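Hi there,

Here is the structure we talked about, with the sequence alongside. Have a look first, and my notes follow below.

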Amino acid sequence: MTIASDAMPSSAAARAREATVRRFALTDAIFRGLTRASAILVLVILGGVAISLFAGSWQALSSFGFSFLTTESWNPVTEKFGALAPIYGTLVTAAIAILIAVPIGIGIALFLTELCPRPLRRPIGIAVELLAGIPSIIYGIWGLFVFAPFLQTTIQPFIINIFHGVPGLSSLFAGPPYGIGLLTSALILAIMVLPFITSITKDVFDTVPAVLKESAYGIGCTTWEVTRRVVIPYTRIGIMGGVMLGLGRALGETMAVTFVIGNAHRISASLFAPGTTISATIANEFTEADGDLYTSSLVSLGLILFVITFLILAAARYMLMRIDARTGA
């Protein structure tokens, strides 16, 4: 009787364990299937966007061929379109914005994590993050009515006078001072991407183990040496991610750039001259596009922006892989 009574609970416990194992296996299979489906869905959406852009731009690409990328002319009346001026404006403004925002953003992040007094860290961090929540059209209005007039009356005349007669720089900063132009839009973009770079960089700096920094300080390293030899090498992938996020925002920004760049389809050596970008051109002209070729040309600009962004991100990932391989990470 005792043996039978002991066997019954043991059998029940075995069945309960088996049921629990089956439930865990089912849950794990569902979770694995959902994550795989999510990953596949991202690829499907990305492929669908690429196919849609290519199909919409086929008429313009077949009509103009490779000259679409090398022609500056943009004339809807004669239906002669070239993407060189928007491509130039997009790359120049994004590059200047990143060159300005990256060192400032990393500097702010270092100050908040290494040097800032503890009572001030949270208020300053919140203030930086709030900048990311400001709508782009607000930046555009502020840039057009406040920032551009300030540049026109003070900064641009000063720079023109300083570099007048200097080979190379005189043409790069040639007048007249319009206020709006490539440099103005690049500065607005730098302000817009700065909170993204700063916030992500600060978060990755916070992940550095305290023991690594304390060990470096213990052997006599200065704050600069700890930052250069410990913090930045440990977080380089996260920093690159923040930079790429900021660059993506700079490449695709529309409204703020549209307000202050001047929207002129021409290439000028001067950074003070009006220009245009791919996103600004699409935003300005898509609703007024009359004719299939005109619409297809605008879609082609979108395809070019898609390819540029993809190539830049792929190059960044390849560079990180080379760095990891060289350091043995």
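A quick definition to begin with: a charge sits over a ring if NZ of Lys or CZ of Arg is within 6 Å of the ring centre and within 35 degrees of the ring normal. In this model, which is predicted, R23 meets that description, lying over the face of F24 at 5.7 Å from the ring centre.

**Aromatic rings**

A pair of aromatic rings is described by the distance of the centres and the angle of the planes. The structure has eight aromatic pairs. One of these pairs is F54 with W58, which is tilted, with 5.8 Å from centre to centre and 45° between the planes. F54 and W58 both belong to helix α1 (residues 2-64), and because they are four residues apart there, about one helical turn separates them. F54 itself is partly exposed, at 44% relative accessible area.

How are the rings of F81 and Y294 arranged? Their centres are 5.1 Å apart and their planes meet at 15°, so this pair is stacked. F81 is in strand β2 (residues 80-81), while Y294 is in helix α13 (residues 292-327), so the contact ties together parts that are 213 residues apart in sequence. Are these two residues buried or exposed? Both F81 and Y294 are buried. They also belong to a wider group: ring pairs link F64, F68, W74, F81 and Y294 into a cluster.

**Salt bridges**

Over the whole structure, the search turned up five salt bridges. Two that I would point you to are in helix α1. In one, the side chains of R22 and E18 meet at 3.0 Å, N to O. R22 and E18 are four residues apart in the helix, so about one helical turn lies between them. R22 is partly exposed at 48% relative accessible area, and E18 is partly exposed at 46%.

In the other, D28 pairs with R32, and the closest N and O atoms are 2.4 Å apart. Here too the partners are four residues apart in helix α1, which puts about one helical turn between D28 and R32. D28 counts as partly exposed because its relative accessibility is 36%, and R32 is partly exposed at 41%.

Further along the chain, K202 and D206 form a salt bridge through their side chains, at 3.4 Å from N to O. D206 is partly exposed, with 46% relative accessibility.

**A nonpolar patch on the surface**

Which residues make up the nonpolar surface patch? They are I137, I138, I141, W142, F145, V146 and M255, and together they cover about 620 Å². Helix α5 (residues 136-162) supplies the largest share of the patch, with six residues. I137 is placed in helix α5, and at 37% relative accessibility I137 counts as partly exposed.

**Cysteines**

How many disulfides does the structure hold? There are zero. As for individual cysteines, C116 is buried, with a relative accessible area of 3%. C221 counts as partly exposed at 21% relative accessibility, because buried means under 20%.

**Backbone details**

Two residues have a positive phi without being glycine. For E79, phi is about 55°. E79 is found in the loop between β1 (74-75) and β2, and it is partly exposed at 35% relative accessibility. For N263, phi is near 55°, again positive in a residue other than glycine. N263 is in the loop between α11 (255-260) and α12 (278-285), and its relative accessible area of 30% makes it partly exposed.

**A contact across the sequence**

Lastly, L91 and A250 are 159 residues apart in sequence, yet their C-alpha atoms are 9.3 Å apart in space. L91 lies in helix α3 (residues 84-115) and counts as partly exposed, at 40% relative accessibility.

Happy to go through any of this with you whenever it suits.

Best wishes

Key. Residues numbered from 1 in each chain as written. Predicted model: local features only at pLDDT ≥ 70, side-chain atom pairs only at ≥ 80, totals over all residues. Heavy atoms only, no water. Patch = residues over 30% accessible without salt bridge, like charges linked within 9 Å, V, L, I, M, F, W, Y side chains within 5 Å. Areas by Shrake-Rupley, 256 points an atom, 1.4 Å probe, with all protein chains shown as cover. Salt bridge = Lys/Arg side-chain N within 4 Å of Asp/Glu carboxyl O. Buried < 20%, exposed > 50% of the residue type's maximum accessible area, 1.4 Å probe, protein only. Disulfide = S-S within 2.5 Å. Phe/Tyr/Trp six-rings, centres within 6.5 Å; stacked < 30°, edge-to-face > 60°.
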